[in-house]
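The following exercises invite the reader to work through a structure step by step. Each task is followed by a worked solution.

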Protein chains: 2
Amino acid sequence: MGKPGASGGLGPSAKRFVGKSVRRREDPRLLRGDARFVDDVDLHGQLFLSVVRSSEAHAHIVSVDASAARRARGVRLVITAEDIAAEVPLEQIGYHEVYPQIDDYLHPVFASDRVRYVGQPVAAVIADTPYLAEDAAGLVEVTYDSLPPVLDPQYALTDEAELLFEGQPNEAVRIVKSYGDVGGAFERATHVVKGRYVVGRHSGVPMETRGCIAEPDRGRNQLFMWGPVHTHDCQRLIAQVLGMPLANLRMKHVDIGGSFGVKGGVFPEYIMVGWAAMHLGRPVKWTEDRLEHMVATAHAREQVHEMTAAFDADGMLLALTDEIWHNHGAFIRQAEPLVSDITVGMVPGPYRVPAYDGLLHVVVSNKTPLSAYRAPGRYEGTFARERLLDQAAEQIGLSQVEIRRRNLLTTADLPFVPGMDICFEPYHFDSGDVVDHLDKALDSAGFADWEQEAADLRAQGRLVGNGIGMLMDKAGLGLYETSAVDVDPSGRIRVRTGASSVGQGIETVLAQIVAEELQVEPDLIDVIHGDTELVPEGVGSWSSRSTVLAGGAARQAALDTLAKAKRLAGEMLEANVDDLILVDGRIVVSGAAHEGLSLAEIAGRWDGWSARLAYDEPGLGAQAVYLDEHMNYPYGVTLVQIEIDPATGGHTLRRFVTSTEAGRAINPMTTRGQVIGAAAQGIGGALYEEFLYDESGQPLATSFMDYLLPTSLDVPEIDFFMTEDAPTPNNPFGAKGLGEVGLIAVGAAVAGAIDDAFGEGVITTKVPVTPETLWRRSHPNSDVDARSM
Amino acid sequence: MGKPGASGGLGPSAKRFVGKSVRRREDPRLLRGDARFVDDVDLHGQLFLSVVRSSEAHAHIVSVDASAARRARGVRLVITAEDIAAEVPLEQIGYHEVYPQIDDYLHPVFASDRVRYVGQPVAAVIADTPYLAEDAAGLVEVTYDSLPPVLDPQYALTDEAELLFEGQPNEAVRIVKSYGDVGGAFERATHVVKGRYVVGRHSGVPMETRGCIAEPDRGRNQLFMWGPVHTHDCQRLIAQVLGMPLANLRMKHVDIGGSFGVKGGVFPEYIMVGWAAMHLGRPVKWTEDRLEHMVATAHAREQVHEMTAAFDADGMLLALTDEIWHNHGAFIRQAEPLVSDITVGMVPGPYRVPAYDGLLHVVVSNKTPLSAYRAPGRYEGTFARERLLDQAAEQIGLSQVEIRRRNLLTTADLPFVPGMDICFEPYHFDSGDVVDHLDKALDSAGFADWEQEAADLRAQGRLVGNGIGMLMDKAGLGLYETSAVDVDPSGRIRVRTGASSVGQGIETVLAQIVAEELQVEPDLIDVIHGDTELVPEGVGSWSSRSTVLAGGAARQAALDTLAKAKRLAGEMLEANVDDLILVDGRIVVSGAAHEGLSLAEIAGRWDGWSARLAYDEPGLGAQAVYLDEHMNYPYGVTLVQIEIDPATGGHTLRRFVTSTEAGRAINPMTTRGQVIGAAAQGIGGALYEEFLYDESGQPLATSFMDYLLPTSLDVPEIDFFMTEDAPTPNNPFGAKGLGEVGLIAVGAAVAGAIDDAFGEGVITTKVPVTPETLWRRSHPNSDVDARSM
């Protein structure tokens, strides 16, 4: 156990790996085809599970007839709500205590009396091959008695709307966050600006769909499950449903082909697979197909914001109010209402908002349930707030840049602690100057030239415009992470971490951190993660937390390992520990570098036979838990220049700059990769992706024909600008979490650029902005049906 | 980490589980067919390995032609010494330092230039099915140039014998142990008694043969291997050969169908399997057949003792000398020359031998290499010593009982530390009175009546006789063991141990020990073992060490867990830790039992969220390493009454009593089971089992047709008599290791009974005594060829 901040005391001649663009160690196995994804895990004697899903958005179940499926060739088992009546439990992160009513909105493993969205599991078939399982799933006859669907989140709260849960309102939870004298501010205001802003339903769509395979050992009442991303949460929650001791359920993930939040938490399918494996005494595997992924994994976003702001005569923000309808879909799932909490808390963003009233309705509807998707709550709230600021600039007569510069947080505001909790801890902005960062970013991008260029091109009749979106992220949620460092007698060093490798490069970053503290090459370090047995306690990777928290834990474990190495070397060399220093992975006597022992030598000698003499633990290593006082708040700006093609409604992103204040980047190359990847997803949400439904609640986007993902041809060159001006005092690296920042302001900046191109003021109040919208706007008088073009 | 002896301080009303005959928790899964042996581990895509073995006892290899095998259907790979030139490393337990020359006698993975025993691996074939692999193995053409075989250990040291290793003597090592003035004693002696005693070559023959399966993860340079019994030793040694970091090689054993020592250590086949799996990137499996087991696993015993003893006029032992030829077979393997060391050290046994000269020749020959088999060295040395004592009794004119009673150790001799090392530590007999135990055992058995009965029956012309064998064992070798105890929020408690479950019931015994310290029912405890990842450091189960050492570690981990529980409960209940007591698995406030928390409740609440607040490790548990100061020395007696059928050479074991001083039996039922099982194996070595060879070095016993194992019909009712008079002060239980005692004196007692039946003095100087020998002795004048009977 180590308290944060203990110093390694590296000398000036020490090798430095932190802050260097060390190559990603994850890539060789990916590039060589040696990576192992969950569908690559095949077990001898495995059976295959196929899910029977609701074809109705909202209906009573009259009957489920599985008799034909049970008789089908190769079928071993058909399971329904009669077998598993349980619900998928929520993660215990405190929302139960505040909102006990969410327990009434939990997702059942199987629907019993009612289905609430198209795609909801009704039964599952386990058979000898995936093909036989899917064929037999088609033989399960479900008879439905339809109910009126509830789809719109504002409609859902009207008296006309059918209640999804008998005796329970469609507003599952109402979240209120407030500080300052909002009423007084509006009374004093010179300018009041209002708007309604809508963020469409889209989500993370990783290349690898979900999957899960479980191997039972019934003789020992043990189950080994591969696949779920949040291994430790899943262990706890699945063990609870299956009635197993925690230690008997081993969860492991292998390589993950993207998660982006949507694969987190427990899904009904994992419970089915585990239950069926224990029941049959055979390994059971499930691999999601793309259609299933589109309706059953997790949607995200879909919010309506009705926002009002009060400004004084100089355009200084006096107060902000926001009423938000958040369409959670059919059930409260995963870690919810976490995203809602973050949404309300993060609406003020990087601005000095003196008074704030936020109110969010957590609404249930007959759509796929929501989960956290990269930058949850920030993408939505930032879109609304930045659009409102553009509107205010227009109304007050300031430039887009100027209204922001006047209201952004600066060093003078530090620490900014307005008295509002986000995720159960006080919002605490501890370091940085957003105005300074904005100025540097604008300067670096040459934004003044962009404005001139756009004006010139518009003068030629082209639809070119610039948009600006300020962003603030919250990172490092979750308060602690674990790590262990062990030196192998071969000289290799093994780092075990509670974090997960979901593509972000955490293996590389932890290797850098430990390499620096132990003064060995990062190539000597192996990073192990995502295994509840190898890492008995851990939290996981989400919320841009891993570099800070897992990195902090790994650093502490390395320091504790070093301390033990010095102690042992002191005994072995008969030297005073205070005279020992670390040079090149060796503990040497200060001033007599030839007298020393490598870490490998110490580990090799300190086996059980040696350790027993000193009543000490054998081996050279240490475990640590790292704690953070509060979240960190990176910030930045996204600048976009767009050109619309009026002939097609298509667009070109002519310029794209995204910037962030990193505090300190452990690996600038992987930081850049993360930020640019996030920006690409932001472009998807701004211009392409939307899960649309018809009036009956049937999903219209269930394949990549209908759900448009930006391809590499659609994503422009993205410039990344980083400052490291304001390391946070809150962790030993000064680092801020950067996994999501690139996404947050894209919707806002793109929308601003579009409106700037058309020059008609703030018109774009909804994302995504599809080609059809842009074409119609380019042809205001046309009565052509765009679908027939 | 805990020093031995820390007290749990259980009150008088505490539940007691130690010392109770708790039912074996291992049995339900075995009885239900839910056990999982290594051959039950099947991996998707597995290939099968078959070994090409030498058909010659001693020959140069002229050529190995694998071309036909490589072309055979389904063959993926053929490997030979050209691929793996390495030798199987020795375990590092100190013999290298004392006898560096043993490195010249190591077993190569594959023979290259010379084969040295029938069964030695020359090549291996990996194919799609075991049948294809075996068929193709038959296609590997090995051309030999024969050399004269060396089979007899005394002949091996003559000038005529061919040297097995060029430039190296056939005496690989010479071990000398000596104390006291032997020369002076013989000068003073009234009686000098001499004999030559031979123990045949036999071994442990577990129901389950060896097996091994390995799964590679080449993307991470990791290998997961199931099967080998000594997981941690195998991890270290196999990683060394394969050039892998220790942490990347995971070893796990599942259920083990008997080991008895012969499955311990590393075998060439494990290395082949691991190498092939990494090379092919596919799981590879090898399952030994019975013929292979008979020639390739490990033989044991085969010693010639030439012993001389000096007695005074009263039959008091003055000195003992023993020259021993120990036929190790073709290579020095496993932990050798451990068995030789023990042999020389344990010859004096439970007797007050004032002066001793022991000399042992570690001899190589063209037979299967030796390993430790249950009671190694003790069975052989006890046979020689006890036969010599019977001879001395006859020569001096004392009864078999009386000559022993006069010379056995008593309380007056304590501590008996004559100044001789056994396995690198001073022989230290710390507790007990062997004479007292003998008297109690004789009394309990009614041995006086046996003598009368035998005399009466002999008077009727029947061949009935009694034999007596005194035994001393050494137990608890290995100096430390590890354990961890973790309380699951479900209330179950998980004990991880470095010991292995090889049929001895260690899971049951550890559950009892932890249950008692934590005052919960043993059924709530799960015991995990034999996995290098779950138990990062451990020693293993051999040398009757696990109850004492793994038990000591588990007890210490339980006590440390309890201490943490009290500390946490103190914080949670806001009570002084000193006021907290353990009642029924709950920490309660003394005098206010309603105020308390169960261990499960504490574990459930002390998750990461709680632990972070106190900078403490999450969870409720502790790890411990238990150390022992020295080995313990249980003792006892085996009493046998035999009747020979002169018509057939058959025998009936009319009475069989084996006794031991246990110090303290943790579980009297499993103790009894272990002792009786060992006695059955002793009967095998005394009357049935022998690996015979013909003159050319071809093994004659390669199936159960030729190698006779006693069946349940051959093993009589065995009475077990136990005293718990002399707990050792050397561990907190007072327990002595009892896994092997039942075997040690069986050869001696059976031989004594046979000679008593014939009434012709000490004639039987070799075991096993086969039916043919008995028939010939019953028909001294017959010239019938017994083989034709």
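**Exercise 1. Locate Asn221(A) in chain A and state what marks its backbone.**

Solution. The model examined here is predicted. Begin with the position: Asn221(A) sits in the loop that runs between strand 9 and strand 10 of chain A. Next, consider the backbone angle: the phi of Asn221(A) is near 55°, which is a positive value in a residue other than glycine. For comparison, most residues other than glycine have a negative phi.

**Exercise 2. Describe the sheet of chain A that has the order 3-5-1-12-9-10-11.**

Solution. Step one concerns the overall arrangement: the sheet is open, has 7 strands and shows mixed pairing. Step two concerns its edges. Strand 3 (75-80) and strand 11 (249-252) of chain A each have a single partner strand, so one side of each is left without a neighbour in the sheet. Step three concerns the twist: on average, neighbouring strands of this sheet are turned by 20° against each other, direction ignored.

Step four examines one pair. Strand 9 (residues 211-217) and strand 10 (residues 222-226) of chain A run antiparallel and are joined by 5 bridges. Within this pair, Ala214(A) has Met225(A) in strand 10 of chain A as its bridge partner.

Step five adds a helix. Helix 7 (residues 268-280) of chain A packs on the sheet and touches several strands, among them strand 1 (47-53), strand 5 (121-127) and strand 12 (284-287) of chain A. The direction of helix 7 of chain A makes about 25° with that of strand 9 of chain A.

**Exercise 3. Describe the sheet of chain B that has the order 21-20-19-25, and identify helices that pack on it.**

Solution. First, the sheet is open, consists of 4 strands and is mixed in its pairing. Second, strand 21 (525-529) and strand 25 (620-627) of chain B stand at the edges; each has a single partner strand, and therefore one side of each lacks a neighbour in the sheet. Third, the average turn between neighbouring strands of this sheet is 15°, direction ignored.

Fourth, strand 20 (residues 493-497) of chain B pairs with strand 21 of chain B in the parallel sense, over 5 bridges. In this pairing, Ile525(B) in strand 21 of chain B is the bridge partner of Ile493(B).

Fifth, helix 14 (residues 506-518) of chain B packs on the sheet by touching strand 19 (480-487), strand 20 and strand 21 of chain B. Its direction makes about 130° with that of strand 21 of chain B. Helix 15 (residues 546-573) of chain B also packs on the sheet, touching strand 19, strand 20 and strand 25 of chain B, and its direction makes about 145° with that of strand 25 of chain B.

**Exercise 4. Determine how helix 18 and helix 20 of chain B cross.**

Solution. Two packed helices are described by the angle between their axes and the distance between the axes. The axes of helix 18 (residues 668-687) and helix 20 of chain B come within 8 Å and cross at roughly 55°. The helices are therefore oblique to each other. The crossing of helix 18 and helix 20 of chain B is right-handed.

The residues in contact can then be listed. Helix 18 of chain B contributes Ala679(B), Gly682(B), Ile683(B), Gly685(B), Ala686(B) and Leu687(B), while helix 20 of chain B contributes Val746(B), Gly747(B) and Val750(B). By class, this contact has 6 nonpolar, 3 polar and no charged residues.

**Exercise 5. State how chain A and chain B are related, and how they meet.**

Solution. Start with the superposition: a turn of 180° and a shift of 0.0 Å along the axis lay chain A on chain B with an RMSD of 0.0 Å. The two copies are thus related as by a two-fold rotation axis. In chain A, the C-alpha nearest this axis belongs to His44(A), at 2.2 Å.

Turn now to the contact, which takes 41 residues from chain A and 41 residues from chain B. On the side of chain A that touches chain B, helix 17 of chain A provides the largest share, 3 residues. The residues of that side divide into 17 nonpolar, 6 polar and 18 charged. Finally, 100% of the interface residues of chain A are also interface residues in chain B, so the copies meet through the same surface.

Technical notes. Residues numbered from 1 in each chain as written. Chains lettered and ligands numbered in written order. Predicted model: local features only at pLDDT ≥ 70, side-chain atom pairs only at ≥ 80, totals over all residues. Pairing = 2+ DSSP bridges. Helix = DSSP H or I, 4+ residues; strand = E, 2+ residues; numbered from the N terminus. Axes fitted to C-alpha atoms, helices over the stretch in contact; angles between N-to-C directions. Contact = placed C-beta atoms within 7 Å. Nonpolar A, V, L, I, M, F, W, Y, C, P; charged D, E, K, R; others polar. Parallel < 35°, antiparallel > 145°, perpendicular 65-115°, else oblique. Left-handed = near helix turned anticlockwise from the far one by under 90°. Least-squares fit on C-alpha atoms with pLDDT ≥ 70 in both.
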